Amino acid sequence: MPLSFQPSPNIARLKESATLAVAAKARALKGQGIPVIDLGAGEPDFDTPAFIRQAAAQAIEAGATRYTNTEGILPLREAIAADANRIQVQGTPVTAAEVVVSNGSKQSLYNACVCCFGPGDDVLIPTPSWTSYFEMVELARANCVAVPGDPANALKVTAAMLEAAATPRTKGLMLNSPSNPTGAVYSREELASILALASERGWWVIADEIYLRIAYETGAQSALEIASSRDNLIVINGVAKAYAMTGWRIGWSIAPVALSKAMTAFQGHTTSNPAAVSQYAALAAMSEVAQADAAVSEMVAAFRTRRDAVVTALKAFPSVRYVHPEGAFYIYVNVEGFRGAADPGAAFAAAVLEEYQVAVVPGSAFGTPGWIRASYATKQELAVEGLTRIARCLTA
Ligand SMILES: Cc1ncc(COP(=O)(O)O)c(C=O)c1O
């Protein structure tokens with residue numbers, strides 16, 4: 001008898017990634033010869049720095065073609081621990097035993113969700129939030145509790161807002177600073193009060209710091225610098241964004257040793273080690289500190305110049321509201337009330353693509369349908385032209 005596919009209960013609520021869906025639509029239009037300005041992408045437009053590519057090429061020739069330990073090669077885990085200790089870590093220094101290397105910070109986030117949360121658990125998700133947190137928590141069969149951020153404070157949440165949303169079943173929360181999609185950065189004080197609350201309540205904190213190094217005015221603080229104890233803290237990072245290494249697929253977690261062992265076991269039965277050659281590329285990024293810092297600074301300076309340029313472009317339209325981006329490479333624009341649509345973000349994204357040839361991501365992907373996300377990780381003139389068209393579409 002032919003078998004027709006019926007999704008298992010595990011994936012019954014799984015949705016296609018909205019960012020990838022927008023990218024596919026923009027590609028289709030480009031394929032028809034329509035010059036779309038693509039502000040949907042979530043990746044740097046720079047090449048991976050040459051010294052990293054060269055280290056990878058050498059590693060292949062030297063035989064980095066076989067399985068490694070599931071949790072990653074020791075020199076890389078040591079370099080990640082050393083990198084973490086370059087900032088003022090509270091308590092004892094981070095050790096390699098706390099580091100598990102994975103196929104991207106996305107995998108580390110998923111490892112953490114599966115290992116810490118399960119049926120009956122509530123997980124607080126400050127919203128807007130990166131699109132995959134909801135799906136990951138649900139795949140872990142836990143319950144997502146969206147905590148809407150304050151529009152008067154860059155759509156960030158406070159400890160009091162998290163406390164008000166908590167239940168006796170609350171098991172943890174997701175934190176993301178600098179934020180995708182808003183570019184907002186939590187201050188040291190904001191992070192300190194959230195971390196203190198979580199510690200008092202015995203909640204896991206999964207701190208996604210993938211954009212930590214891409215921050216402008218004041219820089220962004222790591223939870224490692226602030227949390228008085230690491231007992232309930234999982235810090236997630238990776239090379240994708242800061243080092244322009246999205247395709248290499250290397251991320252990691254820094255977590256208590258017992259949890260790190262559990263995540264290694266889970267990863268060992270699902271994907272095993274991340275690609276050996278990519279680990280050696282990441283090793284160059286994390287251990288050739290002077291070269292890496294120079295490359296990262298250059299890219300962050302370029303993002304900052306573009307950020308300034310797109311903000312200046314939007315200021316020409318005083319009625320357009322947006323979150324002032326202090327980090328990452330996104331700008332979150334308010335489209336509430338757009339053409340009276342029930343989902344204004346989706347209606348706006350469709351209209352601006354069809355009528356103005358600009359691809360953006362609807363805010364419903366991040367739990368806030370009244371907004372859209374535009375990425376300025378593209379040539380400055382394209383980013384400025386794209387944001388200008390967005391503002392024209394909004395104010396027409
Ligand atoms: C907030 C956030 N976390 C995690 C990721 C995943 O990054 P990686 O390429 O390291 O898996 C992304 C990528 O878009 C992101 O924006």
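Here is a short walk through a predicted model, from its ligand site to a small group of strands and then to its cysteines.

Let's start at the ligand. There are 14 residues around it, and those that come nearest are Asn 180, Asp 208, Tyr 211, Lys 241 and Arg 249. Some of the polar contacts can be followed atom by atom. A polar atom in the side chain of Asp 208 sits 2.6 Å from a nitrogen atom of the ligand. Tyr 211 has a side-chain N or O atom 2.7 Å from a ligand oxygen. Ser 105 also takes part, with an N or O atom of its side chain 2.7 Å from an oxygen atom of the ligand.

Ser 105 leads us on to Asn 237, since these two residues are in contact. Where does Asn 237 sit? You will find Asn 237 in strand S7, which covers residues 233-238. Its relative accessibility is 15%, and because buried means under 20%, Asn 237 counts as buried. Setting aside neighbours within four places in sequence, its contacts are Ser 105, Glu 209, Ile 210, Leu 212, Gly 251 and Trp 252. With Glu 209 there is a polar detail to look at: the side chain of Asn 237 reaches the backbone oxygen of Glu 209 at 3.3 Å.

Now move along the chain to an open sheet of four strands, ordered S9-S10-S13-S12 with antiparallel pairing. Its edge strands are S9 (322-323) and S12 (361-362), each of which pairs on one side only. In general, the strands of a sheet pair through backbone hydrogen bonds. At the S12 end, two bridges join S12 to the antiparallel strand S13, residues 371-375. Here Pro 362 stands opposite Ile 372 in S13. On the other side of the order, helix H11 (residues 289-315) lies across S9 and S10 (330-334), and the helix runs at about 15 degrees to S10.

Finally, the cysteines. How many disulfides are there? The count comes to zero. A disulfide is a covalent bond between the sulfur atoms of two cysteines, and Cys 115 shows how a candidate can miss out. The closest cysteine sulfur to that of Cys 115 belongs to Cys 116, but it is 6.6 Å away, so the pair is too far apart for a bond. Is Cys 115 buried or partly exposed? Its relative accessibility is 28%, so Cys 115 counts as partly exposed. Cys 393, by contrast, is buried, with a relative accessible area of 2%.

Technical notes. Residues are numbered from 1 along each chain as its sequence is written. This is a predicted model: local features need pLDDT of at least 70, side-chain atom pairs count only at pLDDT 80 or more; totals for chains, interfaces and linings use all residues. Side-chain values use heavy atoms; hydrogens and water are left out. Buried means under 20% relative accessible area, exposed over 50%, partly exposed in between (1.4 Å probe, protein chains only). A polar contact is a pair of N or O atoms within 3.5 Å; within protein, one must be able to donate a hydrogen and the other to accept it, and residues adjacent in sequence count only if both atoms are side-chain atoms. Contact means heavy atoms within 4.5 Å. Two strands pair if DSSP finds at least two bridges between them. Axes are lines fitted to C-alpha atoms, for helices over the stretch in contact, and angles run from 0 to 180 degrees between N-to-C directions. A disulfide is a pair of cysteine sulfur atoms within 2.5 Å. A residue is near a molecule or strand if one of its heavy atoms lies within 4 Å of it.
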